[in-house]
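Work through these exercises with the model open beside you. Try each task before reading its solution.

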Amino acid sequence: MNNWNDIEKKIVEDSEKLGMTFQEGYWDEMEHMLDENDEDIASAALYGSGGSSSGDEGLFQEEYWDEMSLILDKEDRRKRRALWLRWTFHAAAVLLLMFTVFNHNNSTVDISNSNQQLADSTQSSKENTAKTATASTAENLNKNNAPTPLNSIVKREEDQTAIKSELLTQNVLRKRNNSTPISSIKLEKSSKPEMSFQPEELSQQTSSLAALSLPTISLNSPEIVRSESLNGFKNKPRRNRMLPISLNLVASSNVALAPKGNISNQSRIGSNTSLGIELTKHQVNWSLSLGANFSHKTGLNHELLRTKATYGTRLYREHQSVEYKSIGSVGIPVGVNYHRKRDVFGIRLTPT
Amino acid sequence: MVNSTYHRYTNYNSDELLVKNNYGIKEGINPFDLRLKLMYQRRLNENLAVGVNVSTGFFNQIDPNIITNSKGMKEFSVGVNVQYTLFRR
């Protein structure tokens, strides 16, 4: 094996031994077989994995596919129906919610409106009503009759005499007994009006008691709540401004006086920003607060200087300076606030 | 308390190595302070209030045993604050 010719000859001999030579007859036979099987292969690809048209397993079965298409159509209709039902349910839920909210708003009559109504009716009936009303009248009425619901008076606007008398007695009762203010009474529209007394009886009782020359209260008396005062209820919001507990997000940005430090380029001012939360417990005019905050302070003007001697092949003196740029700290502010209308004065003590 | 610092090393030949943002070094800084803040706020609506405040610290935040050439550092700042009520119960 000295040259390439010897190598080539050796390869040809080995390939002949292994039968790797090209034999044209073999490939003609193979091509003929492939042509014969073309139809079978195509049918196998179409109808299944059987690969042979002679067997029943690879055949196209029309009944099977009809059944499958029916099932698929049914599934499709079912899906569409489910989708429609779901959207219908959602729409119904939204409508129900809207109706509930709307109905709730209507069923609760704003007390400011009722007070305004009462005030208007009081003013319009000034000429027709008696000029005095006694406190004992109120007590008698309260004793003889069950507590009169206020909505019954509102419903009977036509009887102005009864409204006027009842208003006066309510006011006197409220002043004397320090009872629940009118603003705390919630009226329901749907409740059935019940009159525990007749207006005629009330006017008779009032006139008869007035005839007994009992202590009288003039309309100009400060015990009588004027219609202007009643109008004041209208301006009050329905929600209490002072609520027991509130959670607040508090952020502050301060300009700080920079301290005189030990660095060469000193800044005169610094900053102190903080962000935190506070839980506040409200009283009438006071509130207590407790929270947590993170504050970031800059403008420190200080550095830490150190010198260290190191011995090697010679003496090294190493200077280390650490310049403080900012400080971050976590604090727990505890505070007291005084509320005056919209103004709040507060004091905070914050350990950091 | 977290400090962010600039950290410089210089050797005998005045070669300077500057290392920035060495967080956590607090030697010479007193970690505790007590701050008093007086504030005034005005409510703009139900949830938002703005105001001003004055804040002062009670303790010197520099340790004179470590940072000797210092006159000390006490907090005194004036600023604005905003308060937002997240919820009420």
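**Exercise 1. A salt bridge inside chain A**

Task: Find the salt bridge between Glu278(A) and Arg348(A), and say which strands it links.

Solution. Step 1: the side chains of Glu278(A) and Arg348(A) form a salt bridge, with N and O 2.8 Å apart. A salt bridge here is a side-chain nitrogen of Lys or Arg within 4 Å of a carboxyl oxygen of Asp or Glu. Step 2: place the partners. Glu278(A) sits in strand 6 (residues 269-282) of chain A and Arg348(A) in strand 10 of chain A; they are 70 residues apart, so the pair links distant parts of the chain. Helices (H or I, at least four residues) and strands (E, at least two) are DSSP runs, numbered from the N terminus. Step 3: check the cover. Glu278(A) is buried, at 5% relative accessible area. Arg348(A) is buried too, at 3%. Buried means under 20% relative accessible area, exposed over 50%, and partly exposed in between (1.4 Å probe, protein chains only).

A note before going on: this is a predicted model, in which local features need pLDDT of at least 70 and side-chain atom pairs count only at pLDDT 80 or more, while totals for chains, interfaces and linings use all residues. Residues are numbered from 1 along each chain as its sequence is written, chains are lettered from A and ligands numbered from 1 in the order in which they are written, and side-chain values use heavy atoms, with hydrogens and water left out.

**Exercise 2. Further salt bridges**

Task: Say how many salt bridges the structure holds, and place the one between Glu75(B) and Lys297(A).

Solution. Step 1: there are seven salt bridges over all chains. Side chains of opposite charge can pair when their charged atoms come close. Step 2: in the pair Glu75(B) and Lys297(A), the closest N and O atoms are 3.2 Å apart. Glu75(B) lies in the loop between strand 4 (48-57) and strand 5 of chain B, and Lys297(A) in strand 7 of chain A, so this bridge joins two chains. Both Glu75(B) and Lys297(A) are buried. Step 3: add the bridge of Lys325(A) with Glu323(A), at 3.1 Å from N to O. Lys325(A) is partly exposed, at 33%, whereas Glu323(A) is buried, at 12%.

**Exercise 3. The core**

Task: Which residues make up the largest nonpolar core?

Solution. Step 1: take the rule. A nonpolar core is a set of buried Ala, Val, Leu, Ile, Met, Phe, Trp, Tyr and Cys residues joined through side-chain atoms within 4.5 Å. Step 2: list the 10 residues. They are Leu300(A), Leu304(A), Val322(A), Tyr324(A), Ile327(A), Ile25(B), Ile29(B), Ile62(B), Ile67(B) and Met73(B). Step 3: sort by element. Strand 7 (286-311) and strand 8 (315-331) of chain A each give two or more residues. Strand 8 of chain A has the largest share, three residues.

**Exercise 4. A nonpolar surface patch**

Task: Name the residues of the nonpolar surface patch, and find its accessible area.

Solution. Step 1: the patch rule asks for residues with over 30% relative accessible area and no salt bridge; nonpolar side chains (Val, Leu, Ile, Met, Phe, Trp, Tyr) are joined within 5 Å, like charges within 9 Å. Step 2: the members are Leu257(A), Trp286(A), Leu288(A), Val336(A), Ile347(A), Leu38(B), Val54(B), Phe76(B) and Val78(B). Step 3: together they have about 790 Å² of accessible area, by the Shrake-Rupley method with a 1.4 Å probe, where only the protein chains shown count as cover for residues. Step 4: strand 7 of chain A and strand 5 (76-88) of chain B each supply at least two of the residues. Leu288(A) lies in strand 7 of chain A.

**Exercise 5. Two positive phi angles**

Task: Are Asn301(A) and Lys341(A) buried or exposed?

Solution. Step 1: Asn301(A) has a positive phi of about 60 degrees, although it is not a glycine. Asn301(A) is in strand 7 of chain A and is buried, at 5%. Step 2: Lys341(A), also not a glycine, has a positive phi of about 55 degrees. Lys341(A) is in the loop between strand 9 (334-340) and strand 10 (343-351) of chain A, and is exposed, at 73%.

**Exercise 6. Chain B in outline**

Task: How many helices and strands does chain B have?

Solution. Step 1: chain B has zero helices and five strands. Step 2: along the sequence the pattern is β-β-β-β-β. Step 3: 35% of the 89 residues of chain B count as buried.
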